[in-house]
Amino acid sequence: MSQTISPVLSVVPTRALVDETFKMVVENLPPASPVTLHALLYSEDKDYWEAYGHYVSDHRGTVSVAEDMSLGGTYTGKEAMGLLWSMRPEPGSRTGLRLRKREVTSPMLVHISVYSGHITEGFRKQSPLASVPTERWYMAPGVQRIEIKEKGVRGTFFIPPGPGPFPGLLDMWGGRGGLLEYRSALLASHGYASLALEYFSPSELQSADLQIQYFETAFNIIKDHPQVIPDKVGILGLSLGTMLAFNLVAESTKIKPRCCVCISGHHLVSNRLMIDGSLPNDPKKLRFDENNYLIRRDVVLPVPSDPSQKIDVRNIKCPMLLVNGDDDQNSPTVEAAEDIGNMMRSGGNLHLLSTLTYPDTGHLIEPPYSPHFRATTVRAPRTKEKVMILWGGQTKPHSDAQEDSWRKILAYLHHHLYSSTTPKAKM
């Protein structure tokens, strides 16, 4: 490739929230030149993640990632954000990795580069034609991060920039335990005072039941905060966090959420005022696929006909949005959603239920442009052995579902938490 005129790579914006799109254009290439666009990230866990697409410049010597077709690589077709959502560990990396941001006060640094020719490996050993560093943030400028350790509650509270007051959210992750902040930081960046709740650490998984009072206290910490509109507090849960959300909205007499978003969870636990971190399961129903990945979706099936064996969703009095993938291999979300609809119909509250179900989508439905994790390594709670869990999903449709569901979740939250006659928060 002639180097008389150096190729120019532009990425706009170079600094953005993780759910924002960017535009990548290469100019000053010879016409009809094969090039590879490459994204590289060095994770906090000290692993390299990458994605790449193969392009051919047009008659002007230009490649636009948003407008041109990738002919090969980790994604194909016209995909403006393929260099992010198709990221995967660099060849030779440890198996079963999952990319999650732990330190939300710093960005994910993604280096976008263009290489001559259509290449598939060894990117870090070659010199790119041009390269641009970019920053992807979960936490917008002005968002406050406040560690919470009061009334026995542990977590991190994120307050949006501006005078407020703001709607609030209780944000609960799943059964692996620990404190994850990145979704709450992103929600605060969109105008919600969000508490990322730690409700057990991995070492506590078998040491105590999860008392509903803990979650009621956490909810009230949000409600009583001076920067929060007290009657505009919702709940958002993923996986085990969803089961806890069901329990709270169906059983608690002490809190009144304005709405609830439940991602990849179910109500198939006995109807009581606590949920045990181990959860009911029948080991005989555990399965393994051809790769020896663990499939857990069957352990609570078939759906019980006895209402006492389920959280009684007929008691739900607030709007609820279910977000599910129909290839979830960890949780029977589709079967559960059907039963939830039947129970709520019999209870006269079906009008409160909205459901999104996405084809070829797995369990780990994350914010947009996050890589898809079909299977990852986790430690078994009791034995501490490493096991590869199959979460499900296919990369392209799963990524489309993450983008679509996040947009609809934000619209749902805005409708229920911002739209009303009460004083509105300042966006």
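Analyst: A strand here is a DSSP run of E with at least two residues, a helix is a DSSP run of H or I with at least four, and both are numbered from the N terminus. Keep in mind that the model is predicted. With that in hand, P302 is easy to place: it sits in the loop between β19 (294-295) and β20.

User: What makes the peptide bond from L301 to P302 special?

Analyst: That bond is cis, and its omega is near 0°. The bond from G164 to P165 is cis too, with omega near -5°. You'll find P165 in the loop between β11 (153-159) and β12.

User: What is notable about phi of N28?

Analyst: Phi of N28 is near 65°, which is a positive value in a residue other than glycine. Look for N28 in the loop between β3 and β4 (34-42).

User: Why are β1 and β6 said to stand at the edges of their sheet?

Analyst: Start with the strand order in that open sheet of 3 strands: β1-β3-β6, with antiparallel pairing. β1 (8-12) and β6 (63-64) each have a single partner strand, so one side of each has no neighbour in the sheet.

User: How do you know that β1 and β3 pair?

Analyst: Pairing asks for at least two bridges. β1 and β3 (residues 23-27) run antiparallel and are joined by 5 bridges, so they pass that cut-off of at least two. For one example, L9 stands opposite V26 in β3.

User: What about the sheet of 8 strands, and which strands stand at its edges?

Analyst: This open sheet goes β10-β11-β13-β12-β15-β16-β20-β21, with mixed pairing. β10 (144-150) and β21 (353-358) are the edge strands: each has a single partner strand, so one side of each is left without a neighbour. From one strand to the next, the twist averages 20°.

User: How many bridges join β12 to β15?

Analyst: There are 6 bridges between β12 (residues 166-172) and β15 (residues 228-238), and these two run parallel. In β15, G237 is the bridge partner of M172. Helix α4 (residues 240-251) packs on this sheet, touching β12, β15, β16 (260-263) and β20 (320-325), and its direction makes about 135° with that of β15.

User: Which strands does α6 lie across?

Analyst: α6 lies across β12, β15, β16, β20 and β21, running at about 170° to β21.

User: Why is α2 called oblique to α6, rather than roughly parallel or roughly perpendicular?

Analyst: The axes of α2 (residues 182-189) and α6 (residues 395-417) come within 12 Å and cross at roughly 55°. Roughly parallel needs an angle under 35 degrees and roughly perpendicular needs 65 to 115. The angle fits neither, so α2 is oblique to α6. The crossing is right-handed. R183, L186 and L187 in α2 meet W406, L410 and L413 in α6. By class, that contact has 5 nonpolar, no polar and 1 charged residues.

User: And what makes α3 roughly perpendicular to α4?

Analyst: α3 (residues 212-223) and α4 have axes that come within 11 Å and cross at roughly 80°. The range for roughly perpendicular is 65 to 115 degrees, so α3 earns that name against α4. In the contact, I212, F215 and E216 from α3 meet L244, N247, L248 and E251 from α4. Those residues divide into 4 nonpolar, 1 polar and 2 charged.

User: Where are the domains?

Analyst: The domain assignment gives domain 1 (8-137) and domain 2 (144-418). Their centres, taken over C-alpha atoms, are separated by 32 Å. The contact takes 22 residues from domain 1 and 28 residues from domain 2.

How values were computed:
Residues numbered from 1 in each chain as written. Predicted model: local features only at pLDDT ≥ 70, side-chain atom pairs only at ≥ 80, totals over all residues. Heavy atoms only, no water. Axes fitted to C-alpha atoms, helices over the stretch in contact; angles between N-to-C directions. Parallel < 35°, antiparallel > 145°, perpendicular 65-115°, else oblique. Left-handed = near helix turned anticlockwise from the far one by under 90°. Contact = heavy atoms within 4.5 Å. Nonpolar A, V, L, I, M, F, W, Y, C, P; charged D, E, K, R; others polar. Domains from an automatic or database assignment.
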